[in-house]
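Colleague: I should like to understand how the terms used for a structure follow from its values. May I put some questions to you in turn?

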Amino acid sequence: MKHLITYLLIANVIGLLSMCIDKSKARRGAWRIPEKTLFLIAACGGAFGSLAGMYLVRHKTRHQSFVIGMPALCLLWVGILVYLCRRFL
C-alpha cells in the first residue's frame, strides 16, 4: 500500500505540473501538451492533481470534456482506492 501512495503522489504532482506547464505554453504561443496526454496522466492516477491544476491556473475550464472528464476520473480513482482499502486493509 505504501508503494501505491507514493505512486499516486508522484502521479498527481505530474498532473498538476502538466496543467501548469501547458497553461504557460498556451500564454506564450509555444508547443502544447496534447489533450490526450493530459487525460492519460489523469487516468494513470494524476486525476486529483490535474483537476487542481485546471482550477488553480484556470486552464481547460471551458472545455466540456475536461470539465466533465477530470471530475469523472477523480470519482473513478476514489472508487478504486475505496475498493483497495477495503480489500487489503
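Colleague: What makes Cys-20 count as partly exposed?

Modeller: Its relative accessibility is 24%. Buried means under 20% relative accessible area, exposed means over 50%, and partly exposed lies in between, with a 1.4 Å probe and protein chains only. Cys-20, at 24%, therefore counts as partly exposed. Please note that this is a predicted model, in which local features need pLDDT of at least 70 and side-chain atom pairs count only at pLDDT 80 or more, whereas totals for chains, interfaces and linings use all residues. Residues are numbered from 1 along each chain as its sequence is written, and side-chain values use heavy atoms, with hydrogens and water left out.

Colleague: How do you know that Cys-20 is too far from the closest cysteine sulfur for a bond?

Modeller: A disulfide is a covalent bond between the sulfur atoms of two cysteines. The rule applied here asks for a pair of cysteine sulfur atoms within 2.5 Å. The closest cysteine sulfur to that of Cys-20 belongs to Cys-74 and is 15 Å away, so the distance is too great for a bond. Cys-74 is in no disulfide either, as the nearest cysteine sulfur, in Cys-44, is 14 Å away. The structure holds zero disulfides.

Colleague: Why is Cys-74 called buried?

Modeller: Its relative accessible area is 6%, and because the limit for buried is under 20%, the word applies. Cys-74 also belongs to the largest nonpolar core, which has 12 residues, among them Leu-73, Trp-77 and Met-19.

Colleague: What makes a set of residues a nonpolar core?

Modeller: The members are buried Ala, Val, Leu, Ile, Met, Phe, Trp, Tyr and Cys residues joined through side-chain atoms within 4.5 Å. In this core, H1, H2 and H3 each give two or more residues, and H3 supplies the largest share, five residues. Helices here are DSSP runs of H or I with at least four residues, and strands are runs of E with at least two, numbered from the N terminus. By that rule the protein has three helices and zero strands.

Colleague: How do you know that Arg-32 forms a salt bridge with Asp-22?

Modeller: A salt bridge requires a side-chain nitrogen of Lys or Arg within 4 Å of a carboxyl oxygen of Asp or Glu. The closest N and O atoms of Arg-32 and Asp-22 are 3.0 Å apart, so the pair meets the rule. Arg-32 lies in the loop between H1 and H2 and Asp-22 in helix H1, so the pair ties together parts that are 10 residues apart in sequence. Asp-22 is buried at 0% relative accessibility, whereas Arg-32 is partly exposed at 33%.

Colleague: How many salt bridges are there by this rule?

Modeller: The count comes to two. Glu-35 and Lys-60 also meet in a salt bridge, at 3.0 Å from N to O. This pair links Glu-35 in helix H2 to Lys-60 in the loop between H2 and H3, 25 residues apart.

Colleague: Which side chain of opposite charge is nearest to Lys-23?

Modeller: It is Asp-22, 9.1 Å away, and Lys-23 is buried yet has no salt bridge. Lys and Arg count as positive and Asp and Glu as negative, while His and the chain ends are not counted. The 9.1 Å distance is over the 4 Å limit, so no salt bridge is assigned between the two.
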